[in-house]
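Okay, thanks for coming, everyone. I'll put the structure up and then walk through a few spots in it.

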Amino acid sequence: QVQLVESGGGLVQAGGSLRLSCAASGRTFSNYAMGWFRQAPGKEREFVATISMSGGTIVYTDSVKGRFTISRDNAKNTMYLQMNSVKPEDTAVYYCTARTGVASRSARDFNYWGQGTQVTVSS
């Protein structure tokens, strides 16, 4: 089993910045594609960003392009989501996920999930 633990969530003002981290267990982190999804109250789970094993392929949902940056540090078994110019619409629980395959926009493709971290953007 692979364990994923998100951290870095919290309360931030609109226009501010926040960095989420996802720490993965084991020593095979580089063999997994990773992703971030989010879910707001009463809404469906939404794709945010995904990154391939080496970081060579990165895909964002349109609403975060130019504001969020996904990255990974395989030496530290950690993935990040840098959130800049945040908006109230970004308020959600953010989930880290991983899969033994290529980067994907579909939650159903991912094998492992973290517990989520709450991000709240105030206006």
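So, T50 is buried, because its relative accessible area is 1% and anything under 20% gets that label. Keep in mind as I go that this is a predicted model. T50 sits in strand β5. What does the side chain of T50 reach? On one side, a polar atom of that side chain lies 2.8 Å from the backbone oxygen of M34. The T50 side chain also gets to the backbone nitrogen of S104, at 3.3 Å. If you skip the neighbours within four places in sequence, T50 is in contact with M34, G35, T57, I58, V59, I70, A103, S104 and F110.

Two names on that contact list, M34 and F110, come back in what follows. M34 first, which takes us to the core.

The largest nonpolar core has 29 residues, and the members that touch the most others are M34, W36, M79, L81, M83 and Y94. Which strands feed that core? At least two residues each come from β3 (18–24), β4 (33–39), β5 (46–51), β7 (68–73), β8 (78–83), β9 (92–99) and β11 (117–122). As background, nonpolar side chains in soluble globular proteins tend to be buried together.

Now F110, and with it the aromatics. The count of aromatic pairs comes to five. Take F37 with F110: that pair is edge-to-face, 5.7 Å centre to centre, with 75 degrees between the planes. Why care about this pair along the sequence? F37 lies in strand β4 and F110 in the loop between β9 and β10 (112–113), so the pair ties together parts that are 73 residues apart. Are these two buried or exposed? F37 counts as buried, at 1% relative accessibility, and F110 counts as buried as well, at 7%.

F37 has another ring partner, W113: they make a tilted pair, 5.3 Å centre to centre and 55 degrees between the planes. Here W113 is in strand β10 while F37 is in β4, so this pair links parts that are 76 residues apart in sequence. W113 counts as partly exposed, at 28% relative accessibility. Put F47 in with F37, F110 and W113 and you have one aromatic cluster.

There's a charge to mention at this cluster too. R45 lies over the face of W113, at 4.8 Å from the ring centre. A similar kind of arrangement turns up with R72, whose charged end sits over the ring of F29, 4.5 Å from its centre.

R72 is a handy way into β7. Which way do the side chains along β7 point? They alternate: F68, I70 and R72 point to one face and are buried, whereas T69, S71 and D73 point to the other and are not. That's the textbook picture, in that side chains in a regular strand alternate between the two faces of the sheet. And I70, from the buried face of β7, is one of the residues in contact with T50.

What does β7 pair with? It pairs with β8, in the antiparallel sense, over six bridges. One bridge to look at is T69, whose partner in β8 is Q82. The hairpin has four residues between the strands, and in it N77 takes a positive phi near 55 degrees. N77 is not a glycine. It counts as buried, at 15% relative accessibility.

After β8 there's another residue of that sort. S85, in the loop between β8 and β9, has a phi near 50 degrees, again positive and again not a glycine. Unlike N77, which counts as buried at 15%, S85 counts as partly exposed, at 42%.

Last stop, S63, in the loop between β6 (58–60) and β7. S63 counts as partly exposed, at 37% relative accessibility. What does S63 touch, leaving out residues up to four places away in sequence? R38 and E46. With R38 there's a side chain to side chain polar contact of 3.4 Å. And if you want a distance across the model, the C-alpha atoms of S63 and S106 are separated by 16 Å, with their positions 43 residues apart along the chain.

To pull it together: T50 is buried in this model, M34 ranks among the core members that touch the most others, and F37, F47, F110 and W113 form one aromatic cluster. That's me done, thanks.

How values were computed:
Residues numbered from 1 in each chain as written. Predicted model: local features only at pLDDT ≥ 70, side-chain atom pairs only at ≥ 80, totals over all residues. Heavy atoms only, no water. Core = buried A, V, L, I, M, F, W, Y, C linked by side-chain atoms within 4.5 Å. Buried < 20%, exposed > 50% of the residue type's maximum accessible area, 1.4 Å probe, protein only. Phe/Tyr/Trp six-rings, centres within 6.5 Å; stacked < 30°, edge-to-face > 60°. Lys NZ or Arg CZ within 6 Å of the ring centre and 35° of its normal. Polar contact = N/O pair within 3.5 Å; in protein donor to acceptor, adjacent residues only side chain to side chain. Contact = heavy atoms within 4.5 Å. Pairing = 2+ DSSP bridges.
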